[in-house]
Amino acid sequence: MKFSVSDLAFGGFKANDLEQLPSELGIEIFYEFGNDIYWDKRLETVLAGRRISIHAPCVGVNLADPEDENYLEIFRKTLDFAKKCNADFIVLHTNEEW
């Protein structure tokens, strides 16, 4: 059985604590809560050699609303990052309105 830990519990100054987790644990990344510089650095350190899954943007996103296009650019970046780190899968919430 494979287990992963969400990076959401390791925000801010606790981010480096992910390095202390056993290497057999995967890490689920909430991509929308960092920028490209942050995630590129994470790939070099904490995420190196681990199984990765990506949690797609969810805050304020409603994929069922044809008028809501604000999330499209961050989704594109999220998918690009998932490809870059060879993510096992992507978690997608279709309606996580404010």
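Let me begin at the surface, where L8, F33 and V59 together make a nonpolar patch of about 270 Å², and let me say straight away that what we are looking at is a predicted model. If you look for F33 along the chain, you will find this residue in the loop between β2, which covers 26–30, and α1, which covers 36–44. Is F33 to be called buried, partly exposed or exposed? Because its relative accessibility is 45%, F33 counts as partly exposed, since that class lies between the 20% limit for buried and the 50% limit for exposed.

Two members of that patch, L8 and F33, turn up again when we move to the largest pocket, as both are in its lining. This pocket has a volume of about 170 Å³, and its lining also includes D7, F10, G11, G12, A15, L18 and F30, together with Y38, W39 and R42. Which element gives the most to this lining? The answer is α1, which contributes three residues.

Finally, I would like to turn to the cysteines. How many disulfides does a search of the whole structure find? The search finds zero. C58 takes part in no disulfide, and the cysteine sulfur nearest to it, which belongs to C85, is 17 Å away, whereas a disulfide would need the two sulfur atoms to be within 2.5 Å. C85, likewise, is in no disulfide, with the sulfur of C58 as its nearest cysteine sulfur. As for their surroundings, C58 has a relative accessible area of 9% and is therefore buried, and C85, with a relative accessible area of 13%, is buried as well, because buried means under 20%.

Conventions
Residues are numbered from 1 along each chain as its sequence is written. This is a predicted model: local features need pLDDT of at least 70, side-chain atom pairs count only at pLDDT 80 or more; totals for chains, interfaces and linings use all residues. Side-chain values use heavy atoms; hydrogens and water are left out. Patches are made of residues with over 30% relative accessible area and no salt bridge: like charges are joined within 9 Å, nonpolar side chains (Val, Leu, Ile, Met, Phe, Trp, Tyr) within 5 Å. Accessible areas come from the Shrake-Rupley method with a 1.4 Å probe; for residues, only the protein chains shown count as cover. A salt bridge is a side-chain nitrogen of Lys or Arg within 4 Å of a carboxyl oxygen of Asp or Glu. Helices (H or I, at least four residues) and strands (E, at least two) are DSSP runs, numbered from the N terminus. Buried means under 20% relative accessible area, exposed over 50%, partly exposed in between (1.4 Å probe, protein chains only). On a 1 Å grid over the protein atoms alone, a cavity is a set of points where a 1.4 Å probe fits but cannot get out, and a pocket is an open set with protein on both sides within 12 Å along at least five of seven lines; lining residues have an atom within 4 Å of a point. Grid points are joined across faces, edges and corners, and a volume is the space filled by probe spheres set on the points.
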